[in-house]
Amino acid sequence: MATNGTGGGSRGVLAGARGGRDANENRFLKTCDIADAVPESLARRAALLRRLARRGSAVDALVVAFAEPGGTVLTSDPDDLEALAANAADVLIERIEVAVLACRSRHPRWTRPAH
């Protein structure tokens, strides 16, 4: 999640969601501006950040570019994001802990084999 504090409330990027519906996720998303498309200028900025850092995925680069200037990116995996943010305008990367939840499913792909 990236936030950009440039007036008018928070903007956010939510990446890596595991699918499904979650009440907390839905409450959080209501506080964000959701973009359906990536403007060319943002894509070009992300490409430059990635080229300068010489690492990171395209999605990571977009998250950092979106957070410029003065935004904060919350992540459980800060390595590539920190490299990208080193070339960004005042972007802070903060590590957060992520809880892994287990669930039961009848779908064969997600069911543990019988002992």
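**Exercise 1. Determine in what order the helices and strands follow one another from the N terminus on, and how many there are of each.**

Solution. Begin with the order of the elements, which from the N terminus on is β-β-α-α-α-β-α-β. The count is then four helices and four strands, where helices (H or I, at least four residues) and strands (E, at least two) are DSSP runs numbered from the N terminus. The model behind these assignments is predicted, with local features requiring pLDDT of at least 70 and side-chain atom pairs counting only at pLDDT 80 or more, while totals for chains, interfaces and linings use all residues. Residues are numbered from 1 along each chain as its sequence is written, and side-chain values use heavy atoms, with hydrogens and water left out.

Next consider the protein as a whole. Of its 115 residues, 26% are buried; buried means under 20% relative accessible area, exposed over 50% and partly exposed in between, for a 1.4 Å probe and protein chains only. Among the contacts (heavy atoms within 4.5 Å) with a separation of 6 or more, 38% join residues 24 or more positions apart.

**Exercise 2. Identify which residues touch the most other members of the largest nonpolar core, and which elements give two or more residues to this core.**

Solution. A nonpolar core is a set of buried Ala, Val, Leu, Ile, Met, Phe, Trp, Tyr and Cys residues joined through side-chain atoms within 4.5 Å. The largest such core has 18 residues, of which Leu49, Val64, Val73, Leu84, Val91 and Ile93 touch the most other members. Two or more residues come from each of helix H2 (40-53), helix H3 (58-67) and helix H4 (79-85), and H3 gives the largest share, six residues. In soluble globular proteins, nonpolar side chains tend to be buried together.

Now follow two of these members through their contacts. Leucine 84, with neighbours within four places in sequence left aside, is in contact with Leu49, Arg50, Ala53, Arg55, Gly56, Asp60, Ala61 and Val64. Valine 91 is found in the loop between H4 and E4 and is buried, its relative accessible area being 13%. Not counting residues up to four places away in sequence, valine 91 touches Val64, Ala67, Glu68, Gly71, Val73 and Ala85. The C-alpha atoms of valine 91 and valine 64 are 7.0 Å apart, although 27 residues separate the two in sequence.

**Exercise 3. Describe how H2 and H3 pack, and state which residues make the contact.**

Solution. Start from the geometry: the angle is about 115° and the axes are 8 Å apart, where axes are lines fitted to C-alpha atoms, for helices over the stretch in contact, and angles run from 0 to 180 degrees between N-to-C directions. H2 and H3 are therefore roughly perpendicular to each other, given that 65 to 115 degrees counts as roughly perpendicular, under 35 as roughly parallel, over 145 as roughly antiparallel and the rest as oblique.

The residues come next. H2 contributes Leu42, Ala43, Arg45, Ala46, Leu49 and Arg50, and H3 contributes Ala58, Ala61, Leu62, Val64, Ala65 and Phe66. By class, this contact has ten nonpolar, no polar and two charged residues; Ala, Val, Leu, Ile, Met, Phe, Trp, Tyr, Cys and Pro count as nonpolar, Asp, Glu, Lys and Arg as charged, and the others, Gly among them, as polar.

**Exercise 4. Locate arginine 54, aspartate 90 and proline 69, and describe the backbone at each.**

Solution. Most residues other than glycine have a negative phi, and most peptide bonds are trans. Arginine 54, in the loop between H2 and H3, has a positive phi of about 60° and counts as exposed at 78% relative accessibility. Aspartate 90, in the loop between H4 and strand E4 (92-95), has a positive phi of about 55° and is exposed, with a relative accessible area of 60%. Proline 69 is placed in the loop between H3 and strand E3 (72-75), and a cis peptide bond with omega of about -20° joins glutamate 68 to proline 69.

**Exercise 5. Find where arginine 55 lies and which residues it contacts.**

Solution. Arginine 55 is found in the loop between H2 and H3 and is partly exposed, with a relative accessible area of 38%. Leaving aside neighbours within four places in sequence, arginine 55 is in contact with Arg50, Asp79, Asp80, Ala83 and Leu84. Of these partners, aspartate 80 is 25 residues away in sequence and 6.4 Å away in space, C-alpha to C-alpha, while aspartate 79 lies in helix H4 and counts as partly exposed at 44% relative accessibility.
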